[in-house]
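Could you show me around this protein, one selection at a time? I have it open in a viewer and would like to know what to click on next and what is there.

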Amino acid sequence: MKRATRTPRTLAVVAAGLLALAGGITPQATAAEASPPGDGWTLAFGDEFNGTAVDTGKWNFRTDVKAYSAQRKENVTESGGSLSINLKKESYAGKGFTGGGVVSKQRLRYGYYETRARINDGSGWHSSFWLMGGDGSTTFPADQRTEVDGFEIDSVNPTKLAHNVHSWKGSGSTGPVHYGSGTYDSGLDLRQWHTYGIDWSESGVKFYLDGTLKYTAAYTPDQWTHDYTAVWLTSIAYGSVPDATRLPSAMQFDYVRYWQRDYYVDNDGPAAYGYSASGTWSASSLSGWTKDSPMTYACDAGATATWRPRLRSAGTYEVFLRKTATPGGDPAARVALDNNGTVTTSTLDERTGGSGWTSLGTRSYAEGTGAAVSLTASGTGCVHADAVKFVRR
């Protein structure tokens, strides 16, 4: 049972009899849909899986060959309000079993991700809801750096799951940062419908099961890259040879949704959608606010960098500019905060204090692109352009 929109409160569990009429779901399967924690969220991406075929405008298929199975796009179907990953005993690409999955074409970062899912009955399958780069052709893409696992479930233990954050250096080379809940017993039958949430922010990642916080990873941008990632919904034969007597079977997703509340505009990458500059700017050897994120600098008076977010909803936001403190920095850079034509200015001294986010104050902003922050060089020293953020309050 689905809704297109929701309030920021956990929905009550719907009566089992009504759910049975809606889709034959047993009383154990009546997991409540859980909303993002707090207020100010806007639904920015999702799929209700209400069609008759996978929306290939939104999704790539997982097609790698790994462990005990090959993944096939033909195994992913959509009907009856659910996405099914059909699990089969069949010979394909040198494997005796086939699984599959979908990988979003859109890349996302901070926000609240949620899906409602149920795993298959029968051992040998590894099902996951996770965030990482790539297009599904391999789980070791060159842009593999940030991995966030909303859940990993091995069907041999249908009450147990794990939540993780992993760092990578690309193409399967592991990085230095790893957080994990460990595999724990949820006390629930995960073959029934349950809701899984990922709340990813600059300060870390929180993992939810049926609206209850289960694990927090203190994953910050100084530790490793905070990349834009794709959403993966997958199931493969992994860990042990599948129990062929339980096949064919299916792992299912009822929906997937992503909400956004805070808005970052960087000077590079996907978050540079609202960035522009005038005058002469050069690449800096200094690292930006997230590890390995580049920044630029300008030394000529009047050179200006501007960051303009696309706010999805009106509200009260605190605005921050990332300051870079360095001996050769600009001691009198001009900062202008434009709130739909109302401009306030201040001075940024890059030669004193430390590097970090500098608050420009809290105000009400309209939906859209009417807000902007600009940074202008004074000509005394060199000013540095990195990023701004609008944080919902």
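Start by selecting Ser249. Leaving aside its neighbours within four places in sequence, Ser249 is in contact with Ile85, Asn86, Leu87, Asn120 and Asp121, where contact means heavy atoms within 4.5 Å. Ser249 sits in strand β18; helices (H or I, at least four residues) and strands (E, at least two) are DSSP runs, numbered from the N terminus. Is Ser249 buried or exposed? Its relative accessibility is 17%, so Ser249 counts as buried. The scale runs like this: buried means under 20% relative accessible area, exposed over 50%, and partly exposed in between, with a 1.4 Å probe and protein chains only. Now add Asp47 to the selection: Ser249 and Asp47 are 202 residues apart along the chain, and 23 Å separates their C-alpha atoms.

A word about what you are viewing. This is a predicted model, in which local features need pLDDT of at least 70 and side-chain atom pairs count only at pLDDT 80 or more, while totals for chains, interfaces and linings use all residues. Residues are numbered from 1 along each chain as its sequence is written, and side-chain values use heavy atoms, with hydrogens and water left out.

Next, select Leu247 and Pro248. The peptide bond from Leu247 to Pro248 is cis, and its omega is near 0 degrees. Pro248 belongs to the loop between β17 (230-237) and β18 (249-260).

Move on to Arg145. You will find Arg145 in the loop between β9 (125-132) and β10 (146-154). Which residues does Arg145 contact, leaving aside its neighbours within four places in sequence? They are His166, Ser167, Trp168, Trp224, Thr225, Asp227 and Asp292. Arg145 has a relative accessible area of 31%, so it is partly exposed. Try a distance from here to Ser173: the two residues are 28 apart in sequence, and their C-alpha atoms are 9.0 Å apart in space.

Now try Thr216, in strand β16 (residues 212-217). Thr216 is partly exposed, with a relative accessible area of 42%. Beyond its neighbours within four places in sequence, Thr216 is in contact with Val205 and Lys206. Val205 and Thr216 are eleven residues apart in sequence, with 5.7 Å from C-alpha to C-alpha.

Two backbone stops come next. Select Phe49, in the loop between β1 (42-47) and β2 (59-61). Phe49 is not a glycine, yet it has a positive phi of about 55 degrees. This residue is also buried, with a relative accessible area of 1%. Then go to Ser171, in the loop between β11 (160-168) and β12 (174-180). Ser171, again not a glycine, has a positive phi of about 55 degrees.

Time for the cysteines. A disulfide is a covalent bond between the sulfur atoms of two cysteines. How many disulfides are there here? The count comes to one, using the rule that a pair of cysteine sulfur atoms lies within 2.5 Å. Select Cys299 and Cys382 to see the bond, with the sulfur atoms 1.9 Å apart. Cys299 lies in the loop between β22 (294-298) and β23 (304-307), and Cys382 in the loop between β28 (371-376) and β29 (383-385), so the disulfide ties together parts that are 83 residues apart in sequence. The torsion about the S-S bond of Cys299 and Cys382 is about 95 degrees, so this disulfide is right-handed. Cys299 is partly exposed at 31% relative accessibility, whereas Cys382 is buried at 17%.

Finally, zoom out to the whole chain. Its secondary structure comes to one helix and 30 strands. The C-alpha atoms fill a box of roughly 75 × 45 × 35 Å along the principal axes. Of the 393 residues, 53% are buried. Among contacts between residues at least 6 apart in sequence, 74% join residues at least 24 apart. Colour the charges, and you will find 38 positive and 38 negative side chains, the centres of the two sets lying 2 Å apart. Here Lys and Arg count as positive and Asp and Glu as negative, while His and the chain ends are not counted. The place of a charge is taken as NZ of Lys, CZ of Arg, CG of Asp or CD of Glu.
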